[in-house]
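Reader: I would like a close look at one residue and its surroundings, followed by a check on the cysteines. Please state the cut-offs as you go.

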Amino acid sequence: MTVTDPIDLLRQAVAFHQRGELARAEALYAAVLTADPDNFDALHLSGVIARQRKAPQVAFELIARALAIDADKAIAHCNLGAVLQDLGREQEALASYDRALALQPAYAIALCNRGNALRRLGRPGEALDSYGRALAVTPRYPEALCNRALALQALDRHADALDDFGAALTQRPAFAEALHGAAVSLLALDRPDDALQAFDRALRVQPDYPEAWCGRATLLLRAQEADEALHSYAQALQLRPGYARAQLGSANALRALGRRDEAIAAYEAALACGADADTVAYLLASLGAAPAPQASPAGYVAALFDQYAGRFERHLVDVLRYRTPALLADLLARQVPPHAHGSLDILDLGCGTGLCGPLLRPLARRLEGVDLSSGMLAQARELGVYDALACAELTAFLRTAPACRDVLVAADVLVYVGDLDAAFGAARDALRTGGLFVLSVEALTEEGAAGYALRPSGRYAHTARYLDALAARHRFVVRETVPCTLREDSGSGVAGLLFALAAADDVSA
């Protein structure tokens with residue numbers, strides 16, 4: 001046997017490959033292919049090296065050539081699936097994993113990778129099954145435990161996710177992805193101090209982890225530590241220039257610090273990085289740097305409250321002295337005769353975590369809630385006071401069942417809508433004649449042509465005259481208007497208006 005014998009060359013190449021000496025292994029695989037162009041192992045393993053070198057298209061071509069020679073190798077189908085995932089071709093990757101598992105059903109890596117493909121395809125429930133099968137084969141499999149935890153996160157099962165992240169860390173204490181994932185779930189469970197420790201542990205293990213720097217920064221910004229948040233966002237951007245989430249977060253931190261011109265430049269940079277255009281335009285408008293839209297972008301509102309869900313009630317009640325639900329409930333009680341208590345069909349618009357729910361329940365025959373945030377709805381569901389909850393935009397939802405409700409309640413939800421014409425129209429159509437629409441808005445004292453304005457807080461304020469005009473246009477009778485203080489912000493009261501409107505019949509209108 002000579003040193004140019006393909007079998008000997010392949011043996012040497014595999015040894016170098018296993019030691020991580022990729023350049024020497026790659027050269028020897030190439031020498032094998034010069035002598036034997038259809039050598040399955042050299043093609044397949046050259047593809048593996050190409051993937052390790054982050055050249056997925058080259059890897060795909062090499063592994064596909066190997067499989068054209070021998071399609072009965074489960075490992076090659078599994079590796080092809082991984083390459084397809086690198087290329088963003090998740091559905092094809094899933095098919096490759098299924099082919100690997102048809103050849104080798106108890107293949108733990110293929111089962112785990114299959115779960116990853118399902119999770120990225122938005123099928124976390126099916127992913128859980130695949131991870132469970134992988135763990136049945138290899139119980140101490142840290143990647144499968146970590147990835148199952150990520151699927152549980154996608155299902156808002158954060159306590160269960162923490163159990164799996166903990167199990168993964170038992171197997172591999174310095175597992176940065178599991179530490180980062182645990183931090184995300186801890187934050188969702190309103191454990192910010194523990195979350196910060198987990199982010200910091202992840203960064204000690206892997207300092208070049210931009211997602212962890214960004215998560216840490218987001219936590220700090222929520223805690224109103226904008227200076228430190230800005231530093232962490234800068235670290236994320238240094239590691240990954242053009243990281244849209246970090247660039248947008250950096251702009252938000254600058255806005256919180258009152259550095260308006262820098263914030264505007266940072267928002268424009270975030271847009272160039274691919275941040276959501278509607279969200280950026282809206283935030284620029286809140287700084288007076290772009291025309292104000294008619295309403296807050298639905299995606300912005302949903303994301304804002306999804307991340308806020310775990311600490312929403314505590315922050316509003318304990319920190320902001322939030323009073324709107326109680327004020328609206330008192331207003332409604334004054335409008336409803338005692339004999340009607342317990343007989344009303346009530347819809348809580350923008351119900352959030354359900355702060356209004358217990359106050360409305362005594363008046364309701366049926367109590368429903370609708371909100372854009374699935375995270376908020378998960379909290380509301382735990383109260384057990386709503387007969388039904390829906391995740392939807394409120395105006396569109398109102399149009400699904402016209403003239404079927406007695407009361408609509410909108411507590412602090414219309415502050416995310418500037419032009420209320422469509423909302424009032426949909427509300428009138430959703431109410432039975434004589435039905436009540438009780439709502440709150442932030443009060444705008446200065447008069448303007450629009451009757452509403454977008455404030456730097458990112459919320460809209462409205463004038464009483466504008467609300468009165470809308471009521472008349474949409475066949476409502478104004479029963480009561482109450483000036484009030486809705487909550488506190490930075491130590492000062494936020495002035496608001498409460499309205500009780502009755503749906504008039506067509507003749508009286």
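Author: What follows takes Glu442 and then the cysteines. This is a predicted model, in which local features need pLDDT of at least 70 and side-chain atom pairs count only at pLDDT 80 or more, while totals for chains, interfaces and linings use all residues. Residues are numbered from 1 along each chain as its sequence is written, and side-chain values use heavy atoms, with hydrogens and water left out.

Glu442 belongs to strand S5, residues 431-443 (strands are DSSP runs of E, at least two residues, numbered from the N terminus). Its relative accessibility is 1%, so Glu442 counts as buried (under 20% relative accessible area, with a 1.4 Å probe and protein chains only). Beyond the neighbours within four places in sequence, Glu442 has contacts (heavy atoms within 4.5 Å) that include Val415, Arg459, Tyr460, His462, Leu486 and Val494. Arg455 is also on that list, and its side chain makes a polar contact with the side chain of Glu442 at 3.0 Å (a pair of N or O atoms within 3.5 Å, one able to donate a hydrogen and the other to accept it; residues adjacent in sequence count only if both atoms are side-chain atoms). Arg473 is 31 residues from Glu442 in sequence and 21 Å away in space, C-alpha to C-alpha.

As for the cysteines, a search of the whole structure gives 0 disulfides (pairs of cysteine sulfur atoms within 2.5 Å). Cys351 is in none, the nearest cysteine sulfur being that of Cys356, 9.0 Å away. Cys351 is buried, at 6% relative accessible area. For Cys484 the closest cysteine sulfur is also in Cys356, and at 13 Å it is too far for a bond. Cys484 is buried as well, at 16%.

Terms used
Helices (H or I, at least four residues) and strands (E, at least two) are DSSP runs, numbered from the N terminus. Buried means under 20% relative accessible area, exposed over 50%, partly exposed in between (1.4 Å probe, protein chains only).
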